[in-house]
Every structure is written in C-alpha cells, then in structure tokens.
Amino acid sequence: MSASSYSVQGDVAVIVMDNPPVNGLGHALRTHIYDSLAKASSDAAVKAVVMIGSAKAFSGGADIREFNTPKSAAKPTLHEIIAVLDGMHKPVVAAIGGFALGGGLELALACHYRVASPKANLALPEVKLGILPGGGGTQRLPRVIPVAEALQMMLSGNPIASEKGKALGLIEEVVEGDLLAGALDYANKLVAQGKGARRIRAMTAKLEGATQFFERARAETAKTSRGFPAPLEIIACVEAAVAKPFDEGLKFERARFEHLINTIESKAMRHMFFAERQTARIPDVPEDTRTREIRKAAIIGAGTMGGGIAMNFANAGIPVTLLEPKQEALDRGLATILKNYTATMKKGRLTQAEVDSRMGLIKTTLSYDDVRDADIVIEAVFEDIAVKKAVFEKLDAVMKPGAIIATNTSTLDVNQIAAFTKRPQDVIGTHFFSPANVMRLLEVVRAAKTAKDVLATTMKLGKKLRKVSVVSGVCDGFIGNRMLEQYVRQALFMLDEGALPQQIDGVLQKWGLAMGPFTMYDLAGNDIGWYVRKRRYVESPHIVYSKIADRICELGRFGQKTGSGWYRYEAGSRTPVPDPVVEKLIEDYRKEIGITPRKISDEEILQRCLYALANEGAHILGEGIALRASDIDMVYLTGYGFPAYRGGPMFWADSVGLANVLAAIERFRKGYQGAAWEPAPLLAKLTAEGKTFN
Ligand code: 3HC
Ligand code: NAI
C-alpha cells in the first residue's frame, strides 16, 4: 500500500512520495503531489514545503511504462506539476535521499532549494532511453551548474554524487543523519530568514564562446552517437538554454522530446531497459525460491575462458581457485589475468590496491583436493567430450554435496555432460562469452534435470557477477550461436553468388552492428566455426554450407591470430584489409560450382542476414529453448554487438512487420540454396494472427 502522505509540521508542509519500487512519477503519485501542493498553497499556516521520497529513491523519474500511452498525458501531467512547483509562492525544498533520476531530478530542479543525503545520486539518464530530459531539465540544469557540466551529465546519463552536486551548486546542503529532520531545519531557517521562492528559471545559463563550444560538442558527439537520435538533440536544447529566454527554451525542449519519444530508436532502447529486467523471471521458478550460498568458486581450466571467468569472481569479491593438470598452464593463465588487470589499472580504472586484492582472491592448484569445498565449480577445459567426461567424473567424485557443477561448453550437449555424474540435478551450463571478463552476456543453460534452486542460484550469481543472464534450454549452439549459424550461412551463400566479405561487413556495420560476420570470425578465430562444421558434416550431412569458409581455413587463415583470415592484417594491427588472395579464392570457387556472379544489393544483404537471425530466433522461441522474444533480443544486444537502437533481432523484425519478414523468406526459399530457409512455425502463426514476437 502506498504510504504517500501530506502533513504539516509547524510551519512546514511535508509531502512524502511513496510509489515503490523507485518512486516513478506515475499518474497516482503525480495526483498526490499536485493535490498536496494545492493544499500547502492554500493553507495560511504553511510557510514552506518539503518534498521527500524514500531512503532509496527521491524519484526514479517519469514512469517509462506510461510512455506512448494515454496515461502519460493524463492530468496532472509531469509538466503541470513542475509548472506548479516552480510557481509556488512559498519556498519548496527537495529532500533527496537515494536517487533523483530524470523526471525525478527535474522535479527537484523545479523546487526552489535542494538538500540531499550523502549517498544521493543525481542524474538525467534519459539519453540511455533514446530521449532527452523533457521536464525542463535541459533548461534548468545549465542555469544552475556550469553549462559544460550540465551537458556532460545529459550526454552521459551518468550520476553524480551529492558532494559533487554541492560543489557544482545543484545541492544547497548535504545532510548527515536524518534527512527529513535536516530538510525541516533548512526550511525553518528559510522561513526565519524570510527567504522565499528562488526560481531557477530566473537565472541565466552563462557561457563564454558559446558558438564554438556547441560546434565542438556537436562535432565530437556526432562521431560517437551514430544511430542514436538523442545526443545531438540534447546539445540543441542546451544551446537553446543559453541562447533563448526560459519559456522559449522550454517549448523547444518539449518539441524535441515529443519527436524523440516517438522514434523507433527510443522505443527500441526502452524495450531493452525492460527486456533486461525480464530476463530474471523464470515462470516455473518462483522469485522466492531458496538459493544456495556461493562463497567460494573453482574453475577447471585456466585458458582463455577459465582465466576470464575467474576475474569475474574476483571482481565480485568471491574467492576462486583455478585448477590445471600442469603448472605451466596455471602460470600462463595467472600471468594473463595480471596483464589484464594491469592494463585496466593503466587506464586509471583500478588502483594498485584493487589489483592486489583481486589477485589475492585468485588461487591456483594442481589438485582436486583444493577445490572440493567450492560452492560452485565451472569447467572450462578443451571442447572435447572425452576430456569433459573425465573432468565431470572426477568432479562428481570429489565435490561436496550440494555444490553446483557447471560447464562452459559452447557446443556440447549439457544433458550428456550432466549424465557423466550421479547428480545431474546439480549440473548446469554457464556459457560465458569471450572475453569473459568484459562481455555482459551469460547464457544459463538449463538441462533436463537441473534443479530449480540450482537455476535460481546461478541466475542470482550472474547478477552478482554483473552479467545479463539469459536462460536457454539445451540445443546445439544454445540461443546465440544457433542463430548466428544461420546468419553466417547466408553471408557465405552471398559470397558464392557475387558479394565480397568487405561488402557484406560494410553493409551490416553501417546498419549498426559492431562488426560484420567476416570481421567477427577473424577476431574470434575461423577455426572455431570450422570445427563445428566438420562435426556437422558427420552428424547432420543434410545441412549445406558454402565451402568457401573451409577453403580459408585449409590455408591456415584463422583470422587475426594467424595474421590473415577473411582479411589480411599488418603486423601489430587489428584493421582488416581486403585481400586479393581471398577474392581470387572466392572467384575460383564460383567457377568451380558454375555460378555467374550477380550484384547483390545492400537491402538483400541486410534482409538475408537479419531475417535468418529472426527466423531462427522464432524456431528457438517456438521450441521453448528461449523463454521470451525479449530474452533473445538481450542475447544479441549484450553478446553479439547488436545496436541498442535497433532493439535486438526480434524487436527489429517486429518493427519491420512479421508479414514482410515472412514474405521475404518465402522469396528467398525460391532462390539460391533456398532449402536453407525453413520458415519458423511461430513466425507463420504470429503473422497469420497479426501479432508480434514481443
Ligand atoms: N519507470 C517505470 N518503471 C521503472 C522505472 C521508471 N522510471 N525505473 C525503474 N522501474 C522499474 C523496473 O522496470 C523494475 O520493474 P520490475 O521489478 O517490474 O522489473 C523496478 O522498477 C525496479 O527497477 P530495477 O530492477 O532497475 O531496480 P534497481 O534498484 O536496480 O535500480 C533504478 C533502480 C536506478 C531507478 C533503475 O531502475 C533505473 O535506472 N531506472 C530508470 C531511471 C530513468 O531512466 N529515469 C528517467 C525516466 S525518463 C524521464 O524521466 C523523462 C522525463 O525527462 C520527462
Ligand atoms: P583454452 O584452450 O584456451 O583453455 C582450455 C584450458 O583447459 C587449457 O588451459 C588446458 O590446459 C586446460 N585443460 C585441458 N584439459 C584439462 C583437464 N583435464 N583438466 C584441467 N584443465 C584442462 O580453451 P577456451 O577457449 O578457454 O575454452 C574452454 C571452454 O570454453 C570450451 O568448452 C569452449 O568451447 C568454451 N568456450 C569458449 C569460448 C571462446 O571464445 N574461446 C566462448 C565460450 C565458451
């Protein structure tokens, strides 16, 4: 039940905002604030007003769920409340405990004074949702703190702490101890000193050399914000704050906000915000499922993945032991970890003391005796089922009862691995992405017999390790790599037909992907895909692939690590350079299979690659491997460099229209290697019903 309240304490009216979990400014809370301000205004006994939220949140801002719905326009709107606050004749003090974000900070800016607890966080994070502060923030913040600082806060969306807020002039006083008592003292002092309302609107946003400043800001931001609609609009609004009278600036802000909120890019970014939070929900595993304690971890294998995974535990303050059969491998693994931490320190993101304490949490061993009491053990040895079998049998023999036994396999069957033990209920897949200490995605693979508390514990651990954990069922490639395979198959078929790697990569990169498939494989190692294909040639001979990728591998061109792959690389450089050798190889292959090359349009490249992703995603969703379409989107947004402003492959397919996607797939089925296209039953069903994935 909401504990929002209005009371009068001496000369001061106290408006308490209570709308859990984050004091979002939804319609009910807006009404409470509006009505309370009216009461305070009309009560002659009230000389000043204090507005306060909870210890966690002054306010998390506008209710994002209400955007693009009639509720956001329902009266009183946020704009109306802000206008009333600003116009109050009695001084209003915002008492900020916890965070004041977006519309929450804008509410505080419309108050006449602001006090905050030491741990308060102040931010205008709208840019992260593809919008801009639309409650007067772009006009008020640069009037109260230096313009450059205000712009930086809006472009980054990152919070500042109370002390910094005070130094900048955003906060009048930092209150140690009880915030309400401090705010009441402050308000009473205002009354005693006869100080009235002090409106930010009456201040000016001063800036020397404004023209050059904004030109520079635009040039720098344009370079980093390609595809994102908000940053340049934010600069325009802040420029208006400097150049225009307050009310005109406000009008300008309003128009730009209204424009942005209707862009597909902003909708995509808001989809991502909620999608991330959805991933934690598993329908048949209640949120109150009792989890197991994870105080100690162990990792088998200190190679590329094992080392990166160990860093995650150390970063989260969990002691971890790495096990290898040979001392050299441990030394190598540990040296790589130290090198990574040192590089981060050199960039100023870690102190020596932090590096030491993290390294101190990582132990190494050659003996299983030293890992038996770990609460979770993650296997990250060679991708070979015989090696995995030996390791899992050993783990089954030594690990304490109740320990979670996880595998980082990327291609093997987790059910089969679980069956190597007598405790399959304790076995789960934790598919980290490389580099494991950097990538946010963690696919949590739920095997047939995985116990619910093991799943819940692993999801909770993922959060502690600061990962976005997405549940996947068992299938070849899980969610991400299974979809990727179809995408890459299409890219390769287009090489057969007339495209070149640089053309395909160029089109997809321009569209927004961090890199195209050929650049990506050169980075990850072409041998990985080759290994998978060789297995498929035996296990699933009906699946057809272009042979060009195998030819590249047969030449030892595994990518950056061998100096050449789909591209060549100058010594010490990671820049892909188109290579005539590859073009010749492709040409020869086309001749061999009797294809006369044709020009492939950018549109066809986009459609074939991206519809292949969405179609396989629909198979995965239909089979119940993924819990929801937005989980699939999160996999691509956090693990595969999919641009946030496209919302993920499923969201994007929704925005294109599923009927259009299906029609294109039907067309592709009649084209080259058309048998590779098998429209997902779910795609056909949703199209027939006029529905979407999300
Ligand atoms: N509107 C609606 N719901 C919100 C919300 C918001 N502004 N902020 C958070 N929520 C919801 C979340 O979706 C989640 O719901 P769920 O439990 O149903 O999944 C719940 O609140 C708790 O959120 P978190 O799990 O993220 O909780 P944390 O404690 O980890 O983080 C937070 C809290 C820091 C406030 C974080 O939720 C956050 O960053 N929220 C977004 C803040 C934001 O962007 N505000 C600006 C909004 S736009 C605006 O104000 C426009 C204005 O300029 C006109
Ligand atoms: P790697 O070859 O870099 O490391 C494997 C390590 O395991 C080596 O240090 C090796 O000495 C050690 N090892 C081998 N047999 C062992 C045994 N019996 N006991 C203890 N240690 C043993 O391999 P990488 O890349 O770290 O892969 C590990 C696992 O992670 C594989 O299952 C792989 O499929 C998976 N994976 C790899 C990704 C990648 O991009 N490299 C991404 C996601 C998963």
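Buried means under 20% relative accessible area, exposed over 50%, and partly exposed in between (1.4 Å probe, protein chains only). The model is predicted: local features need pLDDT of at least 70, side-chain atom pairs count only at pLDDT 80 or more, and totals for chains, interfaces and linings use all residues. Residues are numbered from 1 along each chain as its sequence is written, and side-chain values use heavy atoms, with hydrogens and water left out.

**Exercise 1.** Classify Cys111 and Cys475 as buried or exposed, then count the disulfides.

*Solution.*
- Cys111 has a relative accessible area of 1%, so Cys111 is buried.
- Cys475 comes to 15%, so Cys475 is buried.
- A disulfide is a pair of cysteine sulfur atoms within 2.5 Å. The count is zero.

**Exercise 2.** Trace the open sheet of eight strands and name its edge strands.

*Solution.*
- Strands are DSSP runs of E, at least two residues, numbered from the N terminus. Two strands pair if DSSP finds at least two bridges between them.
- The order is S15-S14-S13-S16-S17-S18-S19-S20, with mixed pairing.
- S15 (362-365) and S20 (468-472) are the edges; each pairs on one side only.
- Take S18 (427-432) and S19 (441-445): they run antiparallel, joined by four bridges. His431 has Glu443 in S19 as its bridge partner.

**Exercise 3.** Find which residues lie closest to ligand 2 and give the polar distances.

*Solution.*
- Ligand 2 is surrounded by 21 residues (a heavy atom within 4 Å). The closest are Met305, Glu324, Glu383, Lys388 and Ser410.
- Polar contacts are pairs of N or O atoms within 3.5 Å; within protein, one must be able to donate a hydrogen and the other to accept it, and residues adjacent in sequence count only if both atoms are side-chain atoms.
- A backbone N or O atom of Met305 sits 2.7 Å from a ligand 2 oxygen.
- For the side chain of Glu383, the distance from an N or O atom to an oxygen atom of ligand 2 is 2.5 Å.
- For a polar side-chain atom of Lys388, the distance to an oxygen atom of ligand 2 is 2.6 Å.

Definitions and conventions
Chains lettered and ligands numbered in written order.
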